[in-house]
Amino acid sequence: MAIKNADITPGTEEKELEYLTSREFRDSVQTVRKDKLMLGLMMNFPLTIDRILEHARRLYPHREVITKLPNGEIHRQNYLQTYSRVKRMAKALGTLGVKEGDRVGTFAWNNYQHLELYYAIPGAGAVCHTLNIRLFPEQLTYIINHAEDKVIFIDATLLPLFEPIAGSLKGVEHFVIFNHGSDFKTTLPNVSFYEDLIDASDDDFEWVTKDENSAMGLCYTSGTTGEPKGALYSHRSMVLHTFGINQSSGLGTAETDAVLPVVPQFHAMAWGLPYACLMAGANLVMPGPHLKGPALLDLIDKEKVTVAAGVPSIWTDLYHTMKRCPEVDTSSMRVLMVGGSAMPRALIEAYEKEKGINVLHAWGMTELSPLGTVCHLQSRHQHLSDSEKWDTKACQGTPVFGVETRIVDEENNEQPWDGKAVGELQVRGSWVIRQYYKLEKSESFTDDGWFRTGDVATISPEGYMKLTDRVKDLVKSGGEWISSVELENALMAHDDVLEAAVIAVPDEKWAERPLAVVVRTEQGSVDSEGLRAFLAPNFAKFWLPDRFVFAPQIPKTSVGKFDKKRIRVQVADGTLN
Ligand code: ADP
(Lines give C-alpha, C1' and ligand atoms only; values in the text may rest on other atoms or scores of the structure.)
Protein backbone atom coordinates (compact mmCIF):
# COMPACT_ATOMS: atom_id res chain seq x y z
CA MET A 1 0.00 0.00 0.00
CA ALA A 2 1.36 3.43 -0.86
CA ILE A 3 2.43 5.47 2.13
CA LYS A 4 0.98 8.95 2.33
CA ASN A 5 2.59 12.08 3.67
CA ALA A 6 0.07 12.05 6.51
CA ASP A 7 1.33 8.62 7.69
CA ILE A 8 4.68 10.05 8.65
CA THR A 9 5.11 10.67 12.33
CA PRO A 10 8.27 11.64 14.17
CA GLY A 11 10.68 8.75 14.59
CA THR A 12 9.53 6.85 11.52
CA GLU A 13 12.50 7.62 9.32
CA GLU A 14 12.23 4.37 7.40
CA LYS A 15 8.69 5.12 6.41
CA GLU A 16 9.73 8.60 5.42
CA LEU A 17 12.51 7.26 3.24
CA GLU A 18 10.13 4.81 1.64
CA TYR A 19 7.74 7.63 1.00
CA LEU A 20 10.45 9.85 -0.50
CA THR A 21 11.44 7.14 -2.95
CA SER A 22 7.87 6.10 -3.76
CA ARG A 23 6.03 6.63 -7.00
CA GLU A 24 3.34 8.46 -5.09
CA PHE A 25 5.82 11.11 -4.01
CA ARG A 26 7.21 11.55 -7.50
CA ASP A 27 3.79 11.77 -9.09
CA SER A 28 2.26 14.23 -6.70
CA VAL A 29 3.75 17.64 -6.33
CA GLN A 30 3.28 17.59 -2.59
CA THR A 31 5.86 19.04 -0.30
CA VAL A 32 6.93 16.90 2.57
CA ARG A 33 6.83 18.64 5.94
CA LYS A 34 9.92 20.79 5.99
CA ASP A 35 10.77 20.03 9.63
CA LYS A 36 11.21 16.36 8.72
CA LEU A 37 13.72 17.01 5.95
CA MET A 38 17.42 17.64 6.17
CA LEU A 39 17.95 20.49 3.77
CA GLY A 40 21.07 20.74 1.62
CA LEU A 41 23.53 23.46 2.51
CA MET A 42 24.07 24.92 -0.94
CA MET A 43 23.55 28.53 -2.03
CA ASN A 44 20.11 29.39 -3.22
CA PHE A 45 21.58 31.36 -6.10
CA PRO A 46 18.74 32.63 -8.29
CA LEU A 47 18.59 31.42 -11.90
CA THR A 48 17.87 34.71 -13.66
CA ILE A 49 18.36 35.61 -17.31
CA ASP A 50 20.85 38.41 -16.52
CA ARG A 51 23.33 35.75 -15.34
CA ILE A 52 23.53 34.42 -18.91
CA LEU A 53 24.44 37.85 -20.23
CA GLU A 54 26.97 38.42 -17.44
CA HIS A 55 28.53 35.07 -18.32
CA ALA A 56 28.76 35.99 -22.01
CA ARG A 57 30.35 39.34 -21.16
CA ARG A 58 33.03 37.77 -18.97
CA LEU A 59 33.83 34.72 -21.06
CA TYR A 60 32.83 35.45 -24.64
CA PRO A 61 33.07 39.26 -25.07
CA HIS A 62 34.50 38.82 -28.59
CA ARG A 63 31.78 36.49 -29.89
CA GLU A 64 29.19 38.16 -32.08
CA VAL A 65 25.62 38.69 -33.10
CA ILE A 66 25.58 39.18 -36.86
CA THR A 67 22.46 40.62 -38.47
CA LYS A 68 21.38 40.90 -42.08
CA LEU A 69 19.68 44.28 -42.07
CA PRO A 70 16.55 45.02 -44.13
CA ASN A 71 18.73 46.74 -46.81
CA GLY A 72 20.87 43.60 -47.10
CA GLU A 73 23.94 45.00 -45.32
CA ILE A 74 25.56 43.01 -42.54
CA HIS A 75 25.68 44.48 -39.02
CA ARG A 76 28.12 42.97 -36.52
CA GLN A 77 28.28 43.53 -32.79
CA ASN A 78 30.13 41.51 -30.14
CA TYR A 79 28.70 40.36 -26.81
CA LEU A 80 30.58 43.04 -24.86
CA GLN A 81 28.91 45.75 -26.95
CA THR A 82 25.63 43.88 -26.65
CA TYR A 83 26.00 43.83 -22.86
CA SER A 84 26.46 47.57 -22.65
CA ARG A 85 23.54 48.30 -24.97
CA VAL A 86 21.28 45.91 -23.03
CA LYS A 87 22.08 47.68 -19.77
CA ARG A 88 21.37 51.07 -21.32
CA MET A 89 18.07 49.86 -22.73
CA ALA A 90 17.07 48.20 -19.45
CA LYS A 91 17.70 51.52 -17.68
CA ALA A 92 15.83 53.42 -20.39
CA LEU A 93 12.77 51.24 -19.85
CA GLY A 94 12.49 52.81 -16.41
CA THR A 95 12.31 56.26 -17.99
CA LEU A 96 9.35 55.02 -20.04
CA GLY A 97 7.60 54.08 -16.81
CA VAL A 98 8.10 50.32 -17.09
CA LYS A 99 7.92 48.67 -13.68
CA GLU A 100 8.54 45.15 -12.40
CA GLY A 101 6.02 42.72 -13.85
CA ASP A 102 4.86 45.02 -16.68
CA ARG A 103 4.44 43.43 -20.08
CA VAL A 104 6.52 44.90 -22.90
CA GLY A 105 5.76 43.79 -26.45
CA THR A 106 8.14 43.26 -29.37
CA PHE A 107 7.05 43.26 -33.01
CA ALA A 108 10.16 42.45 -34.96
CA TRP A 109 12.26 40.19 -37.17
CA ASN A 110 15.28 38.31 -35.83
CA ASN A 111 17.95 40.98 -35.35
CA TYR A 112 20.39 42.41 -32.81
CA GLN A 113 17.88 44.88 -31.38
CA HIS A 114 15.42 42.06 -30.76
CA LEU A 115 18.20 40.07 -29.09
CA GLU A 116 18.96 43.05 -26.84
CA LEU A 117 15.30 43.24 -25.86
CA TYR A 118 15.33 39.53 -24.93
CA TYR A 119 17.75 40.55 -22.16
CA ALA A 120 16.86 44.19 -21.46
CA ILE A 121 13.16 43.63 -20.77
CA PRO A 122 13.63 40.78 -18.24
CA GLY A 123 16.70 42.65 -16.94
CA ALA A 124 14.43 45.55 -16.05
CA GLY A 125 12.13 43.13 -14.22
CA ALA A 126 9.48 43.23 -16.95
CA VAL A 127 8.03 40.53 -19.18
CA CYS A 128 9.14 40.26 -22.80
CA HIS A 129 6.02 39.57 -24.84
CA THR A 130 6.99 38.58 -28.37
CA LEU A 131 4.24 39.37 -30.89
CA ASN A 132 3.77 37.22 -33.96
CA ILE A 133 4.04 39.57 -36.95
CA ARG A 134 2.02 37.22 -39.16
CA LEU A 135 -1.16 37.16 -37.08
CA PHE A 136 -4.39 38.61 -38.37
CA PRO A 137 -5.03 42.15 -37.04
CA GLU A 138 -7.90 40.95 -34.79
CA GLN A 139 -5.71 38.26 -33.21
CA LEU A 140 -2.89 40.72 -32.65
CA THR A 141 -5.22 43.24 -31.04
CA TYR A 142 -6.71 40.53 -28.84
CA ILE A 143 -3.30 39.33 -27.67
CA ILE A 144 -1.89 42.80 -26.92
CA ASN A 145 -5.00 43.78 -24.96
CA HIS A 146 -5.13 40.44 -23.19
CA ALA A 147 -1.49 40.75 -22.13
CA GLU A 148 -2.01 44.45 -21.24
CA ASP A 149 1.25 45.44 -22.92
CA LYS A 150 2.46 48.84 -21.69
CA VAL A 151 5.20 49.54 -24.23
CA ILE A 152 5.71 47.99 -27.66
CA PHE A 153 8.98 47.91 -29.61
CA ILE A 154 8.45 47.90 -33.36
CA ASP A 155 10.73 47.20 -36.29
CA ALA A 156 10.02 50.16 -38.62
CA THR A 157 9.85 47.82 -41.63
CA LEU A 158 6.77 46.26 -40.04
CA LEU A 159 4.89 49.48 -39.29
CA PRO A 160 2.42 49.07 -42.17
CA LEU A 161 1.24 45.87 -40.47
CA PHE A 162 1.05 47.49 -37.07
CA GLU A 163 -0.32 50.99 -37.59
CA PRO A 164 -3.85 49.89 -38.57
CA ILE A 165 -4.46 48.25 -35.18
CA ALA A 166 -2.96 50.99 -32.98
CA GLY A 167 -6.37 52.62 -32.42
CA SER A 168 -7.77 49.47 -30.80
CA LEU A 169 -4.96 48.97 -28.31
CA LYS A 170 -6.17 49.80 -24.82
CA GLY A 171 -3.22 50.07 -22.46
CA VAL A 172 -0.18 50.81 -24.62
CA GLU A 173 1.50 54.02 -23.45
CA HIS A 174 4.58 54.13 -25.70
CA PHE A 175 5.83 52.80 -28.99
CA VAL A 176 9.58 52.49 -29.56
CA ILE A 177 10.78 52.26 -33.17
CA PHE A 178 13.99 50.87 -34.59
CA ASN A 179 15.46 50.20 -38.05
CA HIS A 180 13.87 53.38 -39.45
CA GLY A 181 15.30 55.46 -42.29
CA SER A 182 15.82 59.25 -42.40
CA ASP A 183 12.48 59.90 -44.16
CA PHE A 184 10.61 58.10 -41.41
CA LYS A 185 6.91 58.86 -40.79
CA THR A 186 4.32 57.13 -38.66
CA THR A 187 0.72 57.62 -37.55
CA LEU A 188 1.50 56.07 -34.14
CA PRO A 189 1.23 58.36 -31.09
CA ASN A 190 3.81 58.58 -28.25
CA VAL A 191 6.74 57.39 -30.30
CA SER A 192 10.37 57.17 -29.13
CA PHE A 193 13.36 55.94 -31.06
CA TYR A 194 15.45 53.01 -29.94
CA GLU A 195 18.87 54.53 -30.57
CA ASP A 196 17.85 57.83 -28.90
CA LEU A 197 16.90 55.91 -25.77
CA ILE A 198 20.23 54.09 -25.77
CA ASP A 199 22.19 57.32 -26.37
CA ALA A 200 20.40 59.13 -23.56
CA SER A 201 20.96 56.26 -21.12
CA ASP A 202 24.07 54.74 -19.50
CA ASP A 203 25.06 51.31 -18.30
CA ASP A 204 25.18 52.12 -14.60
CA PHE A 205 22.25 49.87 -13.89
CA GLU A 206 21.55 47.00 -11.51
CA TRP A 207 19.48 44.07 -12.79
CA VAL A 208 16.09 44.30 -11.17
CA THR A 209 14.94 40.70 -10.74
CA LYS A 210 16.01 38.94 -7.59
CA ASP A 211 13.42 36.16 -7.53
CA GLU A 212 14.00 33.45 -10.09
CA ASN A 213 10.31 32.60 -10.10
CA SER A 214 9.37 36.03 -11.50
CA ALA A 215 7.88 36.07 -14.98
CA MET A 216 10.28 37.05 -17.80
CA GLY A 217 8.64 36.09 -21.09
CA LEU A 218 5.21 35.69 -22.59
CA CYS A 219 4.35 33.84 -25.78
CA TYR A 220 0.92 33.06 -27.14
CA THR A 221 0.38 29.81 -29.00
CA SER A 222 -0.10 30.50 -32.67
CA GLY A 223 -3.64 29.15 -32.47
CA THR A 224 -3.19 26.26 -34.92
CA THR A 225 -5.92 24.38 -33.08
CA GLY A 226 -7.86 27.08 -31.20
CA GLU A 227 -7.76 30.57 -29.66
CA PRO A 228 -4.27 31.83 -28.81
CA LYS A 229 -3.34 31.15 -25.19
CA GLY A 230 -0.45 32.66 -23.25
CA ALA A 231 2.51 30.73 -21.84
CA LEU A 232 4.22 32.81 -19.16
CA TYR A 233 7.85 31.78 -18.62
CA SER A 234 9.82 32.45 -15.45
CA HIS A 235 13.51 33.32 -15.20
CA ARG A 236 14.09 29.95 -13.59
CA SER A 237 12.21 27.95 -16.21
CA MET A 238 14.01 29.75 -19.04
CA VAL A 239 17.48 29.32 -17.54
CA LEU A 240 16.81 25.62 -16.96
CA HIS A 241 15.49 25.34 -20.52
CA THR A 242 18.73 26.89 -21.73
CA PHE A 243 20.74 24.25 -19.85
CA GLY A 244 18.41 21.73 -21.47
CA ILE A 245 19.16 22.91 -25.00
CA ASN A 246 22.87 22.99 -24.36
CA GLN A 247 23.04 19.40 -23.14
CA SER A 248 24.60 17.04 -25.65
CA SER A 249 21.27 15.22 -25.83
CA GLY A 250 19.74 18.59 -26.80
CA LEU A 251 21.52 20.78 -29.34
CA GLY A 252 24.87 20.70 -27.51
CA THR A 253 25.62 24.30 -28.49
CA ALA A 254 29.35 25.12 -28.27
CA GLU A 255 31.59 28.21 -28.43
CA THR A 256 32.74 27.09 -31.87
CA ASP A 257 29.19 27.28 -33.26
CA ALA A 258 27.61 29.96 -35.42
CA VAL A 259 23.87 29.48 -35.00
CA LEU A 260 21.30 30.70 -37.52
CA PRO A 261 17.83 30.84 -35.97
CA VAL A 262 15.49 30.97 -38.94
CA VAL A 263 12.73 30.19 -36.48
CA PRO A 264 11.41 33.66 -35.66
CA GLN A 265 11.99 35.28 -32.30
CA PHE A 266 8.21 35.62 -32.09
CA HIS A 267 7.75 31.84 -32.35
CA ALA A 268 8.35 30.21 -28.96
CA MET A 269 11.33 32.49 -28.14
CA ALA A 270 13.22 31.35 -31.28
CA TRP A 271 13.34 27.97 -29.53
CA GLY A 272 15.48 29.51 -26.80
CA LEU A 273 18.52 29.95 -29.06
CA PRO A 274 19.13 33.63 -28.13
CA TYR A 275 19.77 32.41 -24.57
CA ALA A 276 21.52 29.15 -25.49
CA CYS A 277 24.08 30.90 -27.71
CA LEU A 278 25.13 33.48 -25.15
CA MET A 279 25.39 30.82 -22.45
CA ALA A 280 27.62 28.73 -24.73
CA GLY A 281 29.49 31.61 -26.39
CA ALA A 282 28.27 30.72 -29.88
CA ASN A 283 27.87 33.38 -32.56
CA LEU A 284 24.28 34.24 -33.47
CA VAL A 285 23.51 34.86 -37.13
CA MET A 286 20.23 36.75 -37.45
CA PRO A 287 18.57 36.68 -40.88
CA GLY A 288 16.33 39.75 -40.37
CA PRO A 289 13.55 39.65 -42.98
CA HIS A 290 15.62 37.56 -45.43
CA LEU A 291 14.14 34.09 -45.05
CA LYS A 292 14.16 32.64 -48.56
CA GLY A 293 16.48 29.83 -49.64
CA PRO A 294 19.05 31.95 -51.57
CA ALA A 295 19.46 34.48 -48.74
CA LEU A 296 19.88 31.73 -46.15
CA LEU A 297 22.35 29.87 -48.32
CA ASP A 298 24.38 33.04 -48.68
CA LEU A 299 24.47 33.56 -44.90
CA ILE A 300 25.47 29.93 -44.31
CA ASP A 301 28.35 30.32 -46.75
CA LYS A 302 29.58 33.78 -45.67
CA GLU A 303 29.16 33.43 -41.90
CA LYS A 304 30.22 29.77 -41.80
CA VAL A 305 27.03 28.76 -40.05
CA THR A 306 27.32 25.47 -38.14
CA VAL A 307 23.73 25.14 -36.88
CA ALA A 308 20.51 26.35 -38.47
CA ALA A 309 17.08 25.95 -36.89
CA GLY A 310 13.59 26.22 -38.35
CA VAL A 311 10.38 24.53 -39.48
CA PRO A 312 10.38 21.94 -42.30
CA SER A 313 8.99 24.27 -45.00
CA ILE A 314 12.14 26.43 -44.67
CA TRP A 315 14.34 23.38 -45.20
CA THR A 316 12.33 22.18 -48.22
CA ASP A 317 12.98 25.57 -49.81
CA LEU A 318 16.68 25.59 -48.83
CA TYR A 319 17.19 22.07 -50.14
CA HIS A 320 15.89 23.02 -53.59
CA THR A 321 18.03 26.16 -53.54
CA MET A 322 21.10 24.08 -52.66
CA LYS A 323 20.37 21.79 -55.58
CA ARG A 324 20.23 24.76 -57.93
CA CYS A 325 23.46 26.24 -56.53
CA PRO A 326 25.76 23.25 -55.86
CA GLU A 327 28.83 25.53 -55.97
CA VAL A 328 27.86 27.34 -52.72
CA ASP A 329 29.87 26.06 -49.77
CA THR A 330 27.77 24.56 -46.96
CA SER A 331 30.54 22.44 -45.46
CA SER A 332 30.52 24.44 -42.20
CA MET A 333 27.08 23.07 -41.29
CA ARG A 334 27.08 20.41 -38.58
CA VAL A 335 23.39 20.39 -37.70
CA LEU A 336 20.07 21.32 -39.17
CA MET A 337 17.63 21.52 -36.30
CA VAL A 338 14.03 21.07 -37.32
CA GLY A 339 10.77 21.09 -35.44
CA GLY A 340 7.35 22.70 -35.33
CA SER A 341 5.90 20.04 -37.60
CA ALA A 342 7.08 16.67 -38.81
CA MET A 343 10.21 16.70 -40.96
CA PRO A 344 9.64 14.39 -43.94
CA ARG A 345 11.90 11.33 -43.72
CA ALA A 346 12.89 11.75 -47.38
CA LEU A 347 14.23 15.25 -46.65
CA ILE A 348 16.24 14.06 -43.64
CA GLU A 349 17.77 11.40 -45.87
CA ALA A 350 18.47 13.84 -48.72
CA TYR A 351 20.26 16.35 -46.47
CA GLU A 352 22.39 13.68 -44.85
CA LYS A 353 23.22 11.65 -47.95
CA GLU A 354 23.73 14.48 -50.42
CA LYS A 355 25.06 17.23 -48.18
CA GLY A 356 26.44 15.39 -45.16
CA ILE A 357 24.31 17.56 -42.87
CA ASN A 358 23.07 15.93 -39.68
CA VAL A 359 19.35 16.62 -39.31
CA LEU A 360 18.23 16.83 -35.69
CA HIS A 361 14.51 16.35 -35.47
CA ALA A 362 13.09 18.00 -32.36
CA TRP A 363 9.61 18.26 -30.91
CA GLY A 364 8.38 21.09 -28.78
CA MET A 365 5.54 23.41 -27.97
CA THR A 366 5.14 27.03 -26.93
CA GLU A 367 3.94 25.56 -23.63
CA LEU A 368 7.32 23.84 -23.17
CA SER A 369 9.48 26.94 -23.68
CA PRO A 370 9.56 25.03 -26.25
CA LEU A 371 12.03 22.12 -26.19
CA GLY A 372 10.69 18.64 -25.37
CA THR A 373 12.46 15.91 -27.31
CA VAL A 374 15.38 15.64 -29.72
CA CYS A 375 16.23 12.71 -31.98
CA HIS A 376 19.88 11.70 -31.72
CA LEU A 377 21.10 8.32 -32.85
CA GLN A 378 22.80 6.52 -29.98
CA SER A 379 25.50 3.87 -29.73
CA ARG A 380 22.80 1.22 -29.80
CA HIS A 381 21.88 2.34 -33.34
CA GLN A 382 25.30 1.66 -34.85
CA HIS A 383 24.16 -1.64 -36.35
CA LEU A 384 21.17 -0.10 -38.17
CA SER A 385 20.88 -0.20 -41.93
CA ASP A 386 20.59 3.17 -43.68
CA SER A 387 16.88 2.72 -44.12
CA GLU A 388 16.35 1.92 -40.42
CA LYS A 389 18.51 4.91 -39.57
CA TRP A 390 16.26 7.29 -41.51
CA ASP A 391 13.20 5.69 -39.91
CA THR A 392 14.64 6.40 -36.47
CA LYS A 393 15.68 9.95 -37.40
CA ALA A 394 12.16 10.70 -38.59
CA CYS A 395 10.97 10.10 -34.99
CA GLN A 396 10.74 13.09 -32.69
CA GLY A 397 13.26 11.47 -30.33
CA THR A 398 13.90 11.18 -26.62
CA PRO A 399 13.08 13.75 -23.93
CA VAL A 400 15.95 16.01 -22.94
CA PHE A 401 16.72 15.82 -19.22
CA GLY A 402 14.26 18.15 -17.50
CA VAL A 403 11.19 16.93 -19.38
CA GLU A 404 9.36 13.64 -18.80
CA THR A 405 6.93 12.01 -21.22
CA ARG A 406 4.15 9.45 -21.06
CA ILE A 407 1.33 8.31 -23.33
CA VAL A 408 -2.18 7.58 -22.08
CA ASP A 409 -5.40 6.12 -23.44
CA GLU A 410 -8.78 7.87 -23.38
CA GLU A 411 -9.27 7.01 -19.68
CA ASN A 412 -5.84 8.46 -18.83
CA ASN A 413 -4.30 5.00 -18.28
CA GLU A 414 -0.59 5.01 -18.96
CA GLN A 415 0.34 2.99 -22.06
CA PRO A 416 3.47 0.87 -22.47
CA TRP A 417 6.66 2.06 -24.14
CA ASP A 418 6.61 -0.68 -26.75
CA GLY A 419 6.64 1.35 -29.95
CA LYS A 420 3.14 0.07 -30.76
CA ALA A 421 0.66 1.44 -28.24
CA VAL A 422 -0.71 4.77 -29.41
CA GLY A 423 -1.83 7.36 -26.89
CA GLU A 424 -2.10 11.02 -26.09
CA LEU A 425 1.30 12.45 -25.23
CA GLN A 426 1.58 14.08 -21.82
CA VAL A 427 4.61 15.84 -20.39
CA ARG A 428 5.87 17.40 -17.18
CA GLY A 429 9.07 19.11 -16.19
CA SER A 430 10.83 22.24 -14.99
CA TRP A 431 10.05 24.28 -18.10
CA VAL A 432 6.56 22.95 -18.81
CA ILE A 433 3.59 25.26 -18.30
CA ARG A 434 1.39 24.60 -15.27
CA GLN A 435 -1.34 27.12 -16.11
CA TYR A 436 -2.15 29.40 -19.04
CA TYR A 437 -1.89 33.14 -18.49
CA LYS A 438 -5.16 34.50 -17.01
CA LEU A 439 -6.88 31.16 -17.51
CA GLU A 440 -7.28 29.47 -14.20
CA LYS A 441 -9.07 26.38 -15.43
CA SER A 442 -8.10 24.42 -18.50
CA GLU A 443 -8.58 20.87 -19.60
CA SER A 444 -4.96 20.82 -20.67
CA PHE A 445 -3.80 19.73 -17.23
CA THR A 446 -4.37 16.37 -15.56
CA ASP A 447 -5.18 15.96 -11.88
CA ASP A 448 -1.88 14.19 -11.31
CA GLY A 449 0.27 17.05 -12.57
CA TRP A 450 0.86 16.42 -16.30
CA PHE A 451 0.30 18.69 -19.30
CA ARG A 452 -1.84 17.27 -22.11
CA THR A 453 -0.09 18.11 -25.36
CA GLY A 454 -2.96 17.27 -27.74
CA ASP A 455 -0.47 15.20 -29.73
CA VAL A 456 -0.80 11.49 -30.33
CA ALA A 457 2.32 9.33 -30.21
CA THR A 458 3.99 5.99 -29.65
CA ILE A 459 7.08 5.58 -27.46
CA SER A 460 9.63 2.85 -28.18
CA PRO A 461 11.20 0.74 -25.41
CA GLU A 462 14.27 2.99 -25.74
CA GLY A 463 12.14 6.08 -25.13
CA TYR A 464 11.94 7.37 -28.71
CA MET A 465 8.71 9.26 -29.22
CA LYS A 466 7.07 9.09 -32.63
CA LEU A 467 4.31 11.53 -33.17
CA THR A 468 1.48 10.10 -35.23
CA ASP A 469 -0.74 13.17 -35.27
CA ARG A 470 -2.45 15.93 -33.40
CA VAL A 471 -5.64 14.64 -31.76
CA LYS A 472 -7.61 17.12 -33.85
CA ASP A 473 -5.96 16.10 -37.15
CA LEU A 474 -6.36 12.32 -36.90
CA VAL A 475 -8.71 10.82 -39.48
CA LYS A 476 -11.27 8.41 -38.02
CA SER A 477 -12.48 6.17 -40.81
CA GLY A 478 -15.00 3.41 -40.00
CA GLY A 479 -13.91 3.51 -36.35
CA GLU A 480 -10.19 3.14 -37.22
CA TRP A 481 -7.57 5.87 -36.82
CA ILE A 482 -5.50 7.02 -39.79
CA SER A 483 -2.43 9.18 -39.18
CA SER A 484 -2.34 12.22 -41.44
CA VAL A 485 1.35 12.74 -40.61
CA GLU A 486 2.37 9.27 -41.80
CA LEU A 487 0.55 9.73 -45.09
CA GLU A 488 2.12 13.18 -45.58
CA ASN A 489 5.55 11.78 -44.86
CA ALA A 490 5.10 9.00 -47.39
CA LEU A 491 3.72 11.35 -50.07
CA MET A 492 6.59 13.80 -49.64
CA ALA A 493 9.01 10.96 -50.40
CA HIS A 494 7.74 10.93 -54.01
CA ASP A 495 10.14 12.73 -56.35
CA ASP A 496 7.33 14.72 -57.98
CA VAL A 497 5.90 15.98 -54.68
CA LEU A 498 7.10 19.20 -53.05
CA GLU A 499 4.58 19.29 -50.21
CA ALA A 500 1.54 17.28 -49.10
CA ALA A 501 -1.04 17.85 -46.36
CA VAL A 502 -3.70 15.30 -45.41
CA ILE A 503 -7.00 16.19 -43.76
CA ALA A 504 -10.18 14.36 -42.80
CA VAL A 505 -13.27 15.06 -44.89
CA PRO A 506 -16.77 13.99 -43.81
CA ASP A 507 -18.03 10.77 -45.36
CA GLU A 508 -21.50 9.27 -45.10
CA LYS A 509 -20.38 5.68 -44.93
CA TRP A 510 -17.07 5.87 -43.02
CA ALA A 511 -17.68 9.09 -40.99
CA GLU A 512 -14.34 10.49 -42.22
CA ARG A 513 -11.97 9.78 -45.09
CA PRO A 514 -8.47 11.14 -45.81
CA LEU A 515 -7.98 13.72 -48.53
CA ALA A 516 -4.52 14.81 -49.66
CA VAL A 517 -3.63 18.28 -50.91
CA VAL A 518 -0.48 17.99 -52.99
CA VAL A 519 1.94 20.56 -54.42
CA ARG A 520 3.97 19.10 -57.27
CA THR A 521 7.61 20.05 -57.90
CA GLU A 522 8.28 22.30 -60.91
CA GLN A 523 8.83 19.34 -63.22
CA GLY A 524 6.49 16.96 -61.37
CA SER A 525 3.58 15.37 -63.27
CA VAL A 526 2.37 12.55 -61.00
CA ASP A 527 -1.44 12.14 -60.80
CA SER A 528 -3.84 10.63 -58.24
CA GLU A 529 -3.46 7.10 -59.57
CA GLY A 530 0.31 7.38 -59.51
CA LEU A 531 0.28 8.56 -55.90
CA ARG A 532 -2.16 5.87 -54.81
CA ALA A 533 0.03 3.21 -56.41
CA PHE A 534 3.09 4.77 -54.75
CA LEU A 535 1.48 4.55 -51.29
CA ALA A 536 -0.21 1.16 -51.72
CA PRO A 537 2.71 -1.16 -50.81
CA ASN A 538 3.18 0.51 -47.42
CA PHE A 539 -0.34 1.16 -46.15
CA ALA A 540 -3.55 -0.74 -45.46
CA LYS A 541 -6.02 -0.14 -48.28
CA PHE A 542 -8.41 1.90 -46.15
CA TRP A 543 -5.60 4.38 -45.38
CA LEU A 544 -5.21 5.42 -49.03
CA PRO A 545 -6.72 8.85 -49.67
CA ASP A 546 -9.85 8.76 -51.82
CA ARG A 547 -9.11 12.17 -53.26
CA PHE A 548 -5.99 14.08 -54.17
CA VAL A 549 -6.23 17.82 -54.73
CA PHE A 550 -3.34 19.31 -56.73
CA ALA A 551 -2.73 22.91 -55.74
CA PRO A 552 -0.05 25.55 -56.39
CA GLN A 553 0.49 25.93 -52.64
CA ILE A 554 -0.78 24.77 -49.26
CA PRO A 555 -2.19 27.32 -46.80
CA LYS A 556 0.24 27.79 -43.91
CA THR A 557 -0.11 29.20 -40.40
CA SER A 558 1.70 32.26 -39.12
CA VAL A 559 4.64 30.07 -38.15
CA GLY A 560 4.83 28.11 -41.40
CA LYS A 561 2.90 24.95 -40.52
CA PHE A 562 0.19 23.42 -42.69
CA ASP A 563 -2.94 25.31 -41.67
CA LYS A 564 -5.35 22.40 -41.47
CA LYS A 565 -8.21 24.57 -40.19
CA ARG A 566 -7.98 26.68 -43.36
CA ILE A 567 -7.38 23.69 -45.63
CA ARG A 568 -10.59 22.08 -44.31
CA VAL A 569 -12.57 25.26 -44.94
CA GLN A 570 -11.11 25.75 -48.43
CA VAL A 571 -11.75 22.13 -49.41
CA ALA A 572 -15.32 22.37 -48.08
CA ASP A 573 -16.11 25.63 -49.91
CA GLY A 574 -14.39 24.49 -53.11
CA THR A 575 -11.55 27.07 -53.07
CA LEU A 576 -9.16 24.12 -53.01
CA ASN A 577 -10.40 21.48 -55.44
P1 ADP B 1 0.68 25.90 -32.23
O2 ADP B 1 0.18 24.94 -31.18
O3 ADP B 1 -0.11 27.12 -32.28
O4 ADP B 1 0.92 25.24 -33.58
P5 ADP B 1 3.37 25.51 -31.34
O6 ADP B 1 4.49 25.97 -32.16
O7 ADP B 1 3.51 25.58 -29.89
O8 ADP B 1 2.12 26.34 -31.78
O9 ADP B 1 3.05 24.05 -31.80
C10 ADP B 1 3.28 22.89 -31.05
C11 ADP B 1 2.83 21.72 -31.86
O12 ADP B 1 3.61 21.60 -33.06
C13 ADP B 1 3.01 20.39 -31.19
O14 ADP B 1 1.96 20.13 -30.29
C15 ADP B 1 3.01 19.43 -32.36
O16 ADP B 1 1.70 19.12 -32.79
C17 ADP B 1 3.69 20.24 -33.44
N18 ADP B 1 5.10 19.86 -33.54
C19 ADP B 1 6.16 20.45 -32.98
N20 ADP B 1 7.30 19.81 -33.33
C21 ADP B 1 6.96 18.78 -34.12
C22 ADP B 1 7.67 17.74 -34.80
N23 ADP B 1 8.97 17.64 -34.76
N24 ADP B 1 6.94 16.86 -35.52
C25 ADP B 1 5.61 16.95 -35.60
N26 ADP B 1 4.89 17.91 -35.00
C27 ADP B 1 5.55 18.80 -34.26
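Student: How many salt bridges does the rule find across the interface of domain 3 and domain 4?

Tutor: Happy to start there! This is a predicted model, where local features need pLDDT of at least 70, side-chain atom pairs count only at pLDDT 80 or more, and totals for chains, interfaces and linings use all residues. Residues are numbered from 1 along each chain as its sequence is written, and side-chain values use heavy atoms, with hydrogens and water left out. A salt bridge needs a side-chain nitrogen of Lys or Arg within 4 Å of a carboxyl oxygen of Asp or Glu, and the number found across the interface of domain 3 and domain 4 is zero.

Student: What area do domain 3 and domain 4 bury between them?

Tutor: The domain bounds, from an automatic or database domain assignment, put domain 3 at 292-469 and domain 4 at 474-573. Buried area is the accessible area (1.4 Å probe) that two parts lose on being put together, summed over both. Of the area between domain 3 and domain 4, 57% is on carbon and sulfur atoms, and the total is about 1,200 Å².

Student: Which three residues supply 34% of the area that domain 3 buries against domain 4?

Tutor: No other three residues supply more of what domain 3 buries against domain 4. They are Pro344, Thr468 and Asp469.

Student: How many residues apart in sequence are the parts that Lys438 and Glu148 tie together?

Tutor: Lys438 forms a salt bridge with Glu148, with the closest N and O atoms 2.7 Å apart. Lys438 lies in the loop between β18 (423-429) and β19 (451-459), and Glu148 in the loop between α6 (137-147) and β5 (149-155); helices (H or I, at least four residues) and strands (E, at least two) are DSSP runs, numbered from the N terminus. The pair therefore ties together parts whose separation in sequence is 290 residues.

Student: What separates Asp298 and Lys302 along helix α11?

Tutor: The side chains of Asp298 and Lys302 meet in a salt bridge (2.7 Å, N to O). Because these residues are four apart in helix α11 (residues 293-302), their separation is about one helical turn.

Student: In the salt bridge of Arg470 and Asp455, is Asp455 buried or exposed?

Tutor: The closest N and O atoms of Arg470 and Asp455 are 3.8 Å apart. Arg470 sits in strand β20 and Asp455 in strand β19, 15 residues apart. Buried means under 20% relative accessible area, exposed over 50%, and partly exposed in between (1.4 Å probe, protein chains only). Arg470, at 25%, is partly exposed, whereas Asp455, at 5%, is buried.
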